[in-house]
Amino acid sequence: MNFSEVFRHTNQLCRVSPDGKCLATCVQYRLVVRNINTLQILHLYTCLDQIAHVEWSSDSQFILCAMYKRGLVQVWSLEQPDWHCKIDEGSAGLVSSRWSPDGRHVLNTTEFHLRVTVWSLCSKSVSYIKYPKACQKGLDFSRDGRYMALAERRDCKDHISVFVCEDWQLLRHFETDTQDLSGVEWSPNGCVLAVWDSCLEYKVLLYSLDGRLLSTYSAYGWSLGIKSIAWSPSSQFLAIGSYDEKVRILNHITWKKLTEFEHPVSISDSRAVVYREMERRAVAGSDDLSIHHQIPAGTSLFSTQSKYEICELPIYVPIVKPDPDRANPKIGVSTMAFSSDSRYLATKNGSFQVLSLSWHCGGDSLILLSKEHLCLCYVEAEAPK
């Protein structure tokens, strides 16, 4: 494995273009675009203030730089370096900015979530959407990019508005049976919209594209409820992770619970194989610390070596109990990811030091990214009969 030289960047603003050909890094108010293979600088742009957010368009032709403190957004073109776009929200302020799926519209959310402004790079037109709700995931696009679902708060009630992304016309508007809507998410096939309530109430509502309520699911009451949801790539299953450390799977036919998974403290199933990472640090003796002792090149007295050993069952998973007196305790299932073939589901429960879960496109390996380590786990599939 080869490593390049270290490049400077600010606030971890480093993004690879969707086509995998370019790498964008931000250093304060400068945007640097490099070739991903040679790492040579292709373009160097200067923004009006320090960059807080950077995002590529879906076709990798444009790149967006947001400066939230000044309420500014600048868009740069890779094909025409002399062309640029400046969007100023003025006194309304700016709290978030993102691309639409077509890569030709910019959606800005103003301060206090007063409105969402849709700016067109083609026609230079502007559209305003009022009453967006400030929640965990209040806006979501369908997988094909045709529709946008937006959570709204009007007259102390939650609503959903469905817009057509081609001309940003309102397609459907309906009220939801939620106390405090927390998020919305389209199924991969774009036929069902999942809506879930805040953590104070366990409730998931499933709506069709025309606003009909298909089903409502609630596992229990009077306790902390939903923390995360995830659709399977086939749209046949909906996984719901909750604060009771369980995952419930709903089917797409009856929207009833298909199965339930727990996170046991001990693993005793004979089919499970548990690997433990064993680190070994090189220990130097008194003779090794001599001034005349030559240390081989490429080694260090402080280097560590690690290997994985198979553990005997049962295995007890270490658990860190959260402090109930602190806000946002790390309990419950916070992250879930389906494999590409919808056969496997990876979950993160509690305070495990895992930042992200992602499956390889083949569905046979799972990438775990933590604060200090990157781990690749392989799934041994059963031989076809």
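How many helices and how many strands does the protein have? The predicted model holds zero helices and 33 strands. Of its 385 residues, 39% count as buried. The accessible surface comes to about 23,600 Å². Carbon and sulfur atoms account for 51% of that surface. Among contacts with a separation of 6 or more, 35% join residues 24 or more positions apart.

Confidence was examined next. The mean pLDDT of the protein is 87. A value of 70 or more is reached by 84% of the residues. Residues 289–293 are a weak stretch, with pLDDT under 50 throughout. The model gives this stretch four contacts beyond four places in sequence. Residues 295–301 also have a pLDDT below 50. That stretch has four contacts beyond near neighbours in sequence.

The interior was then considered. In soluble globular proteins, nonpolar side chains tend to be buried together. The largest nonpolar core of this protein has 17 residues. Leu 31 and Ile 63 have the most contacts inside this core. Five strands each supply at least two of the core residues: strand 2 (22–27), strand 3 (30–35), strand 5 (53–56), strand 6 (62–67) and strand 7 (72–77). Ile 63 shows how the chain comes together here. Leaving aside neighbours within four places in sequence, Ile 63 is in contact with Ala 24, Leu 31, Val 54, Glu 55, Trp 56, Gln 74, Val 75, Trp 76, Leu 78 and Trp 99. Another core lies apart from the largest one and has 15 residues. Its members include Ala 194, Val 204, Tyr 220 and Leu 250.

Charged side chains form a further set of links. Side chains of opposite charge can pair when their charged atoms come close. The structure holds 17 salt bridges. One of them joins Arg 154 and Glu 152, with 3.1 Å from N to O. Is Glu 152 buried or exposed? Glu 152 counts as buried because its relative accessibility is 1%, under the 20% cut-off. Its partner Arg 154 is partly exposed, with a relative accessible area of 30%.

A second pair is Asp 140 and Lys 137, whose closest N and O atoms are 3.8 Å apart. Asp 140 has 12% relative accessibility and so counts as buried. Lys 137 is partly exposed, at 27%.

A third salt bridge connects the side chains of Asp 177 and Lys 203, at 3.7 Å from N to O. This pair links distant parts of the chain, 26 residues apart. Asp 177 sits in the loop between strand 16 (169–175) and strand 17 (181–186). Lys 203 sits in the loop between strand 18 (192–197) and strand 19 (204–208). Lys 203 is buried, with a relative accessible area of 13%.

Salt bridges also join into a network. Asp 244, Lys 246, Arg 248, Lys 257, Glu 260 and Glu 262 are linked in this way.

Nonpolar side chains also appear on the surface. Which residues form a nonpolar patch there? The patch consists of Val 273, Tyr 275, Tyr 308 and Ile 310. Together these residues have about 470 Å² of accessible area. Tyr 308 lies in strand 27 (residues 304–310). Its relative accessible area is 48%, so Tyr 308 is partly exposed. That value falls between the limits for buried, under 20%, and exposed, over 50%.

Note on methods. Residues numbered from 1 in each chain as written. Predicted model: local features only at pLDDT ≥ 70, side-chain atom pairs only at ≥ 80, totals over all residues. Heavy atoms only, no water. Patch = residues over 30% accessible without salt bridge, like charges linked within 9 Å, V, L, I, M, F, W, Y side chains within 5 Å. Areas by Shrake-Rupley, 256 points an atom, 1.4 Å probe, with all protein chains shown as cover. Salt bridge = Lys/Arg side-chain N within 4 Å of Asp/Glu carboxyl O. Helix = DSSP H or I, 4+ residues; strand = E, 2+ residues; numbered from the N terminus. Buried < 20%, exposed > 50% of the residue type's maximum accessible area, 1.4 Å probe, protein only. pLDDT = per-residue confidence, 0-100. Contact = heavy atoms within 4.5 Å. Core = buried A, V, L, I, M, F, W, Y, C linked by side-chain atoms within 4.5 Å.
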